[in-house]
Amino acid sequence: MIDPHVLRDDPDRLRDSARRRGEDESIVDTLIDLDVAKRTAQQAYDEIRARQKALSKKIGPLQGQARKDPDNLDTQRELAELMSAAGAMSDEVKAADARAAGLSAELNQAWLSVSNVVDPRSPVGGEDDFVVVSTHGQPRDFNAEGFIAKDHLELGQLLGAIDVERAAKVSGSRFYFLTGVGALLELALLNLAIAQATKHGFIPVVPPVIVNPQAMEGTGFLGQAADNVYQISEEDSYLVGTAEVPLAAMHSQEIIDAGHLPLRYVGWSTCFRREAGSHGKDTRGIIRVHQFDKVEMFVFTTLEQADAEHQRLLAWEQEFMDTLEIPYRVIDVATGDLGASAARKFDIEAWIPTQETYREVTSTSNTTQFQARRLGIRTKIDGATTPVATLNGTLCAMPRMIVALLENHQQPDGSVEVPKALRPYLGLDLLPVRP
RNA sequence: GGAGGGAUGGCCGAGCGGCCGAAGGCGACGGUCUUGAAAACCGUUGAGGCGGUACCCCCGUCUCCGUGGGUUCAAAUCCCACUCCCUCCGCCA
């Protein structure tokens, strides 16, 4: 949700944002019409309701009088007149109320379909129009080392770490078993990530992964992204695609003490994604799966601080990549690829040797006040209550991080060297090939 | 799954159908006192919409007492449904 005042004061900002996103800007005119109609109806209701209340207020005392002096016909008549006038007004009030409520619901519905106003710095365009911000680390030259890199699935099988065939038997395509060192690797990554986050003051959280429609709607995942959401129809609830959802909704309808901001959480949760519309993409291995675990940072802060916090989240993501000694680049995601709630988004893409390209492993978004408005999360600044800003950033999405780790640190025989920082958490310097 | 109890402002907690956006307390904020602080005393203190020509202030008005319906001239208060929480019993990670 966007500040409704923008609609009245500067509707061109909304049109401009929609255009940059490649979305239909005619929604702005619909909103303006609905906004005017709703306010008019609301004023009509307020006015008639005020008259009704004034009238009703007179009835009580008059009834008292009538009881004390039952023979006074003037009082009786006056009372009867008031009652019938108020009775007639009652229907009018109900009608006016229904009109205003209907328009208000319609307006809200329209607002929900509007994506966040993009940051003017976000590059305009589609998925491929990102801007490379920086590149870090040096991809290995496997030719120079004298061997051909194996892909993560082959490595995973050699190590006894990844089993997709049996997962297909049990669950279908895009599922996997992590076994042996694969399972240990996930746990080690989890602990390393949580250790880094808590070191920086994040509060660790294990959130629920089944949420109600308000949480899903509030975080902006029931719009264009709805296709990718698993719905539990019997329960009218959803499986989350990221811990961002429960972490954001955790403080919905609350006023957070300004002294507690920035409020930083690091959540660990399973994530569920239908991956509808991605048939044929990344079908090999565990790059694109229906279920995975992820360590996610989530921050509540002020709008003024949001941009600086976004940079910090990116820096923490980079710190994690650096720790794991994986080459990567940072991209500024283009407007058409932001999703409904983000104003600006940076992705970290890890170098994947066998694909000879960079692939997304983490992502951080500044959703400004978009989610906070929908979820009713506010704070008090100088006596005024105002929506907070929310931001999120991936610290470690397990399957993709494991892919990057295996491929980048592999040895000629298929064993994998463990980055130093991970060794204490794993208890191994090398993932050995299974005999 | 069965039985009972509850949901009110930042928190606790009262509330007869009209005088209730709501007593009282706590907390917070401002002030008096004090070298400073504490204590004591005085005062202020919910959110949101719309309008009064503009952000804040101020004024008016409407909405909000778990959610949604209903009864009534009038609902925090009466009725119905739902959700959540608590206690007890049963079942079970």
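Trainee: Between which two strands is the loop that holds valine 289?
Mentor: This is a predicted model: local features need pLDDT of at least 70, side-chain atom pairs count only at pLDDT 80 or more, and totals for chains, interfaces and linings use all residues. Residues are numbered from 1 along each chain as its sequence is written, chains are lettered from A and ligands numbered from 1 in the order in which they are written, and side-chain values use heavy atoms, leaving out hydrogens and water. Strands (E, at least two residues) and helices (H or I, at least four) are DSSP runs, numbered from the N terminus. The loop with valine 289 joins strand 9 (263-272) and strand 10 (291-301).

Trainee: Why does valine 289 count as buried?
Mentor: Buried means under 20% relative accessible area, exposed over 50%, partly exposed in between (1.4 Å probe, protein chains only). Valine 289 counts as buried because its relative accessibility is 4%.

Trainee: Which residues does valine 289 contact, leaving aside neighbours within four places in sequence?
Mentor: Contact means heavy atoms within 4.5 Å. With those neighbours left aside, the partners of valine 289 are Arg174, Tyr176, Arg273, Glu275 and Pro399.

Trainee: How many residues of strand 10 are buried?
Mentor: Strand 10 pairs antiparallel with strand 9 through 10 bridges, and antiparallel with strand 16 (389-397) through eight. Two strands pair if DSSP finds at least two bridges between them. Helix 11 (303-323) and helix 13 (398-408) both lie across strand 10. Strand 10 is mostly covered, and its buried residues number 10 of 11.

Trainee: Which residue of strand 16 stands opposite phenylalanine 298?
Mentor: Strand 10 and strand 16 run antiparallel. In strand 16, the residue opposite phenylalanine 298 is asparagine 392.

Trainee: Which strands stand at the edges of the sheet?
Mentor: The sheet is open, with eight strands in the order 1-11-12-13-16-10-9-4 and mixed pairing. Each edge strand has a single partner, so one side of it is left without a neighbour in the sheet. The edges are strand 1 (131-136) and strand 4 (203-205).

Trainee: At about what angle does helix 11 run to strand 16?
Mentor: Axes are lines fitted to C-alpha atoms, for helices over the stretch in contact, and angles run from 0 to 180 degrees between N-to-C directions. Helix 13 runs at about 45° to strand 16. For helix 11 the angle to strand 16 is about 5°.

Trainee: Which residues come nearest to RNA strand B?
Mentor: A residue is near a strand or molecule if one of its heavy atoms lies within 4 Å of it. There are 21 residues around RNA strand B. The nearest are Gln43, Asp46, Arg49, Gln63 and Thr385.

Trainee: How far is a polar side-chain atom of arginine 49 from a phosphate oxygen of RNA strand B?
Mentor: For glutamine 43, a polar side-chain atom lies 2.6 Å from a sugar or linking oxygen of RNA strand B. For arginine 49, the distance to a phosphate oxygen is 2.4 Å.

Trainee: Which element gives the largest share of the surface near RNA strand B?
Mentor: Of the atoms of RNA strand B within 4 Å of the protein, 74% belong to sugar or phosphate, the rest to bases. The largest share of the protein surface there is 13 residues, and it comes from helix 3.

Definitions and conventions:
A polar contact is a pair of N or O atoms within 3.5 Å; within protein, one must be able to donate a hydrogen and the other to accept it, and residues adjacent in sequence count only if both atoms are side-chain atoms.
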